Amino acid sequence: MERFFNTAGPNIAEDNYTLDPLSRFDLDEILTLIRQKRYFVLHAPRQTGKTSCLLALRDYLNERDDYIAVYANVEDGQAARNNVGAVVAGTVNVIATEMDDIVGEDIPRAAKAGVQDENESTMLSAFLTKLSKALPKPLVLFIDEIDSLVGDSLVSVLRQLRAGYADRPAHFPQSIVLCGVRDVRDYRIHTTSGEIITGGSAFNIKAKSLRLGDFSLDEIRALYGQHTAETGQRFDEGCFPFVWQATEGQPWLVNALGNEVTNEMRENRDRSVVITPEMMYRAQERIIYRRDTHIDQILEKMKEPAMQRVMNMAVSKDFDIALANDITSDDIIEANENGLITLQRGQRLRVANSIYNTLFKELASNHERITI
Ligand SMILES: Nc1ncnc2c1ncn2[C@@H]1O[C@H](COP(=O)(O)OP(=O)(O)OP(=O)(O)O)[C@@H](O)[C@H]1O
Ligand SMILES: [Mg+2]
């Protein structure tokens, strides 16, 4: 079957046009951090390719001899919210299930059985201790969607992930990578006791935060080039500056435009049709109109009052110091970590790409007035 541009979930290289996930970050740096037994954060906005990268890294490590790597997505904890017991037990379950595929059922099952009587505040750390002891090699643990956890549950998970740090790698994971949209340091966690603590203080062993970047123009060309190589369908040269401006390399947007123009616009399934910038423009309009999950998530984020203030500043032609005074640096960091705005040294902040710019203008015109 022809491969296609992926617009839903992690990339699968056999099915989707794919840029090598391991070349999207500094693999040497990550391997060094793991070798040095560091705990660190990998973060990026929604649909940037975080999960695709973690899965590729897991497979890369498991194909080699040094470690056993496991990927666990704790997204389900979102439903349990502040039920700490359910979130902690859920996290143990996810890790155990993922381990089954890598080392068989016996070790994870025994580790899990050994912690059934543990209190919710120690169950996860006890499980990781038992697991690490039983495994023949040091464990590397990837926790994805860490910021889907909130409040007391998040605090408990973070504290338990650092609890055995001093005993690694024989009795605790060699390395733990937390992955989400925001840098853990920047969370403000509201506990039920009314305390506000920062993610940094709950996970104060973090050695580093790495941010996964967007595609470069060359990478966009390479990705679209895979379609041309496999189907013979060409893109007019003018398409590339257009795609760049529309997306500035945001991975989902790049794929969504590619999919729209080569697949959803049915007349273009005839591979002798050369894709033109005008077709690209129509593809963009259709994507904006359709409100796929990515667009919806971006719009929801933009609707938050603090994010609106930052966006207003980014779209205003004249830098308005009154606006600036109303915006905290936390708001700007949050807008940037969510991919809404671009921050470059020495430049004023601006909206990340022209599609988001259009979305924000539409949002603004739907409101009488955006509260500043
Ligand atoms: N290696 C890649 N090559 C090409 N496109 C990619 C690659 N990785 C990710 N993408 C694009 O990014 C989208 C999201 O990928 P993935 O689910 O890995 O990202 P994510 O950051 O984990 O997303 P989410 O925030 O939803 O968890 C894919 O659907 C695809 O469009
Ligand atoms: Mg993901």
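Backbone exceptions and the ligand shell in a predicted model

Q: Proline 169 is found in the loop between which helix and which strand?
A: The structure is a predicted model, and in this model the peptide bond that runs from arginine 168 to proline 169 is cis, with omega near 0 degrees. Most peptide bonds are trans. The loop that holds proline 169 lies between helix 7 (151-163) and strand 4 (175-180).

Q: Which residue that is not a glycine has a positive phi of about 60 degrees?
A: Most residues other than glycine have a negative phi. In the loop between helix 1 (27-35) and strand 1 (39-43) there is a residue, lysine 37, whose phi is positive although it is not a glycine. The value is about 60 degrees, and the residue is lysine 37.

Q: How much of the area that ligand 1 exposes when taken alone does the protein bury?
A: A nitrogen atom of ligand 1 is 2.7 Å from a polar backbone atom of leucine 19, while an oxygen atom of ligand 1 lies 3.1 Å from a side-chain N or O atom of asparagine 255. Taken alone, ligand 1 exposes 630 Å², and the part of this that the protein buries is 95%.

Q: Why does ligand 1 lie between two domains, and which are they?
A: Helix 2 (50-62) and helix 11 (251-264) are the elements that each give two or more residues to the shell around ligand 1. Because residues of both domains contribute to this shell, ligand 1 lies between domain 1 (21-211) and domain 2 (217-290).

Conventions
Residues are numbered from 1 along each chain as its sequence is written. Chains are lettered from A and ligands numbered from 1 in the order in which they are written. This is a predicted model: local features need pLDDT of at least 70, side-chain atom pairs count only at pLDDT 80 or more; totals for chains, interfaces and linings use all residues. Side-chain values use heavy atoms; hydrogens and water are left out. A polar contact is a pair of N or O atoms within 3.5 Å; within protein, one must be able to donate a hydrogen and the other to accept it, and residues adjacent in sequence count only if both atoms are side-chain atoms. Accessible areas come from the Shrake-Rupley method with a 1.4 Å probe; for residues, only the protein chains shown count as cover. Helices (H or I, at least four residues) and strands (E, at least two) are DSSP runs, numbered from the N terminus. Domain bounds come from an automatic or database domain assignment.
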